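Visitor: Could you take me through a close look at one part of this model, the place where its domains meet? I would welcome the cut-offs behind each term as we go.

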Amino acid sequence: MHEFKYKNNQLYCEEIKVQDLAERFDTPLYVYSYHTLIDHFQKLKTAFHSINPLICYSVKANSNLAILKALVDKGAGLDIVSGGELFRAIRVGCPAQKIVYASVGKTDREIEEAIKRGILFFNVESLPELENINCIATRLNKVTNAAIRINPDVEPKTHKFITTGKLTNKFGIDFATARKILLVRDKFSYLNICGLHIHIGSQITESAPFVSAIKKMVRFINNLKKIGIRLEYLNIGGGLGIIYDKENPQTAKEFAKKILPLLKKTELKIIMEPGRFIVGNAGILVTKILYIKVTARKKFVIVDAGMNDLIRPALYDAHHQILPLHNQSTIHNSEKADIVGPICESADFFAKERLIPKVREGDYLAIMGAGAYGFSMSSNYNSRCRAKEVMVVKDKAFVIRKRETQEDLIHNEIIPPFLLGI
Ligand code: LLP
């Protein structure tokens with residue numbers, strides 16, 4: 001469910017016509033629906049209320065301060081992967097005890113900052129990293145919590161670039177090594193190794209891979225109990241898939257039904273790290289048609305957004321639904337076209353051979369499901385200013401990120417004196 005709907009053939013975000021937003025704020029423009037965002041967070045919370053998990057929204061999905069603040073205000077914690085994300089989390093007032101920190105490559109400076117802030121725990125991805133965190137905690141004389149990220153070796157049936165829980169992926173620690181570490185956990189005198197973590201991949205549309213991974217975890221936790229190793233937390237990661245096209249993903253309720261009995265067995269405090277599920281369908285990218293180019297082989301609809309604004313189609317061949325803002329056309333006057341951006345790469349496309357209603361130059365299009373891994377993966381490639389972002393709350397629209405200026409593009413660049421003849 002989301003709040004982008006046609007009313008009288010006009011696409012609305014909540015109570016505002018998207019056309020009005022495009023004209024008022026210019027394009028390319030990211031538009032978020034506040035109520036869709038909150039609704040998805042609440043859906044997950046409600047589905048799992050019997051175990052009252054800590055839901056740590058995964059900042060990487062969309063790290064705009066307004067999105068983070070909206071969720072933190074509703075009680076969300078945050079899942080971070082860098083010093084920059086920690087900075088954002090603190091900036092929006094997220095309590096440090098609701099922050100969990102994963103990443104295979106945490107630097108000393110990042111670790112130190114997170115320890116000083118007193119985050120809930122690190123999700124540790126290797127033995128050398130565990131030793132390093134212990135070392136830094138010792139130097140800072142501050143005992144720190146850690147969870148071991150397990151690589152459970154399950155197939156999540158998603159795109160290979162977003163598969164993370166197979167032994168061929170760089171993430172996590174295998175069960176046998178984790179067991180060995182836990183057996184000597186007292187050796188890490190400044191670490192309280194109190195939890196386990198998994199995150200098997202992203203855009204997973206079935207429950208089966210989650211069930212299979214969690215079952216493995218339950219077995220492991222029970223075996224640990226038998227040898228006197230007791231833990232406090234189980235972090236089951238993120239990964240819940242959403243509808244982009246014809247997917248039929250599990251709802252929060254169905255997901256909960258499948259995994260709650262397993263989670264209850266662990267008797268541990270549960271943490272979740274959803275990103276896409278919360279923000280994916282809460283955002284769209286609005287773009288204007290610049291030119292329609294008809295060649296002997298194809299029709300190209302050239303728009304003013306590019307792969308620098310939304311890289312998912314180029315990177316993962318991802319499908320995003322693309323809708324006109326006026327829905328007056330029928331399938332009879334639809335035609336196949338490639339919808340492409342202005343960037344000098346053939347991978348700069350949003351759709352290929354897509355059946356779309358007849359459109360004209362100057363019309364706007366809405367690229368749906370762009371809330372997650374849209375703006376947060378955007379870049380300045382081709383020296384393009386990054387898009388403006390607005391958040392709609394009923395009949396009000398708030399700018400939550402200004403459009404970048406050309407001055408912003410060169411802000412950090414320095415021409416050395418010798419090139420200036422000085
Ligand atoms: N926890 C960890 C440790 C993660 O690495 C991720 C995502 C999440 C949670 C949140 O996963 P989600 O619930 O959003 O699936 N750029 C890709 C997705 C990369 C996901 C990276 N990790 C895309 O656009 O599909």
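Guide: Happily, and let us start with the contact itself: 24 residues of domain 1 are in contact with 23 residues of domain 2, where contact means heavy atoms within 4.5 Å. This is a predicted model, in which local features need pLDDT of at least 70, side-chain atom pairs count only at pLDDT 80 or more, and totals for chains, interfaces and linings use all residues. Residues are numbered from 1 along each chain as its sequence is written, and side-chain values use heavy atoms, with hydrogens and water left out.

Domain 1 comprises 4-31 + 280-402, and domain 2 covers 34-279; these bounds come from an automatic or database domain assignment. Between the C-alpha centres of the two domains there are 32 Å. Together domain 1 and domain 2 bury about 2000 Å², with 55% of it on carbon and sulfur atoms. Buried area here is the accessible area (1.4 Å probe) that two parts lose on being put together, summed over both. On the domain 1 side, the residues that lose the most area to domain 2 are Asn281, Tyr316 and Tyr373, which together make up 27% of what that side buries.

What about polar links? Between the domains there are 13 residue pairs in polar contact, both residues at pLDDT 80 or more. A polar contact is a pair of N or O atoms within 3.5 Å; within protein, one must be able to donate a hydrogen and the other to accept it, and residues adjacent in sequence count only if both atoms are side-chain atoms. Salt bridges, by contrast, number zero across this interface, with the rule asking for a side-chain nitrogen of Lys or Arg within 4 Å of a carboxyl oxygen of Asp or Glu.

Now to the elements on the domain 1 side. Those giving two or more residues to the side that touches domain 2 are α11 (312-316), β19 (388-393) and β20 (396-401). Helices (H or I, at least four residues) and strands (E, at least two) are DSSP runs, numbered from the N terminus. Strand β19 provides the largest share of that side, four residues. By residue type, the side of domain 1 that touches domain 2 has nine nonpolar, ten polar and five charged residues. In this scheme Ala, Val, Leu, Ile, Met, Phe, Trp, Tyr, Cys and Pro count as nonpolar, Asp, Glu, Lys and Arg as charged, and the others, Gly among them, as polar.

One residue worth your attention is Asn62, found in the loop between β5 (54-58) and α3 (65-73). Its contacts, leaving aside neighbours within four places in sequence, include Tyr57, Leu68, Gly371, Ser376 and Glu389. The side chain of Asn62 also reaches the backbone nitrogen of Asn64 at 3.1 Å. Asn62 has 1% relative accessibility, so it counts as buried; buried means under 20% relative accessible area, exposed over 50%, and partly exposed in between (1.4 Å probe, protein chains only).

Lys60 lies in that loop between β5 and α3 too. Lys60 forms a salt bridge with Asp79, their closest N and O atoms being 3.3 Å apart. Asp79 sits in strand β6 (residues 77-80), so the pair ties together parts that are 19 residues apart in sequence. Lys60 is partly exposed at 31% relative accessibility, whereas Asp79 is buried at 2%.
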